[in-house]
Amino acid sequence: MYGQMIAWGNWSVSCLLTGAILIPVFGVSPLFASMYAVGFEGGHGTAAGLRESYETLGEPTYGDIAVTSATIGILCGCSIGVI
């Protein structure tokens, strides 16, 4: 149950922040909402696997951003897990 709450929370927060702030203020694509969840939940393998899909959807840099999100997720997990 806890894992489902975290997973749905990741998607909810990223979609809400993208829709409420990033799209109106910075004009990013709605696809940007998937970067946080793909990186944090899926990790490097999922982010690298979705790179071609992002390119097909017209956002060639989103694959790199997803891999960066996965790296930040690992660093946060290690540093917060130690505390």
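The following paragraphs lead through a predicted model, from its helices and core to its largest pocket and its cysteines.

Helix α1 covers residues 2–26, and α2 and α4 cover 34–49 and 62–82. Helix α3 comprises residues 51–56. A convenient point of entry is Asn-10, which belongs to α1. Its relative accessible area is 12%, and because this is under 20%, Asn-10 is classed as buried. Setting aside residues up to four places away in sequence, Asn-10 touches Tyr-36, Phe-40 and Glu-41. These three partners fall within the span of α2, residues 34–49.

The loop between α1 and α2 contains Ser-29. With a relative accessible area of 19%, Ser-29 is also buried, the limit for that class being under 20%. Apart from neighbours within four places in sequence, Ser-29 is in contact with Thr-18, Glu-59 and Tyr-62. Of these partners, Thr-18 lies in the stretch assigned to α1, whereas Tyr-62 lies in the stretch assigned to α4.

Tyr-62 leads on to the interior. The largest nonpolar core consists of six residues, namely Met-35, Val-38, Ala-47, Tyr-54, Tyr-62 and Ala-66. At least two residues of this core come from each of α2 and α4, and α2 makes the greatest contribution, with three residues. In soluble globular proteins, nonpolar side chains tend to be buried together. Within the core, Tyr-54 has a broad set of partners: beyond four places in sequence, Tyr-54 touches Leu-31, Ser-34, Met-35, Val-38, Glu-59, Pro-60, Tyr-62, Gly-63 and Ala-66. Among these partners, Met-35, Val-38, Tyr-62 and Ala-66 are themselves members of the core.

Ser-53 is placed in α3. Ser-53 has a relative accessible area of 34% and is therefore partly exposed. The C-alpha atoms of Ser-53 and Gly-63 are 8.4 Å apart, with ten residues separating the two along the chain.

Attention now turns to the largest pocket, whose volume is about 150 Å³. Its lining is formed by Val-13, Ser-14, Leu-17, Thr-18, Leu-22, Phe-32, Ala-33, Met-35, Tyr-36, Ile-65 and Ser-69. Helices α1, α2 and α4 each provide at least two of these residues, and the largest share, five residues, belongs to α1. In character, the lining comprises eight nonpolar and three polar residues, with no charged residue. Several lining residues have already appeared: Thr-18 is a contact of Ser-29, Tyr-36 is a contact of Asn-10, and Met-35 is a member of the largest nonpolar core.

The cysteines complete this part of the description. A disulfide is a covalent bond between the sulfur atoms of two cysteines. A search of the whole structure finds zero disulfides. Cys-76 is in no disulfide, and the nearest cysteine sulfur, that of Cys-78, lies 9.5 Å away. Because a disulfide requires the sulfur atoms to be within 2.5 Å, this pair does not qualify. Cys-76 has a relative accessibility of 30% and therefore counts as partly exposed. Cys-78, at 48%, likewise counts as partly exposed.

Finally, Val-82 is located in α4. Its relative accessibility is 72%, so Val-82 counts as exposed. The C-alpha atoms of Val-82 and the core residue Met-35 are separated by 25 Å, and the two residues stand 47 apart along the chain.

How values were computed:
Residues numbered from 1 in each chain as written. Predicted model: local features only at pLDDT ≥ 70, side-chain atom pairs only at ≥ 80, totals over all residues. Heavy atoms only, no water. Helix = DSSP H or I, 4+ residues; strand = E, 2+ residues; numbered from the N terminus. Buried < 20%, exposed > 50% of the residue type's maximum accessible area, 1.4 Å probe, protein only. Contact = heavy atoms within 4.5 Å. 1 Å grid on protein atoms, 1.4 Å probe; cavity = no way out; pocket = protein on both sides within 12 Å on 5 of 7 lines; lining within 4 Å. Points joined across faces, edges and corners; volume = space filled by probe spheres on them. Nonpolar A, V, L, I, M, F, W, Y, C, P; charged D, E, K, R; others polar. Core = buried A, V, L, I, M, F, W, Y, C linked by side-chain atoms within 4.5 Å.
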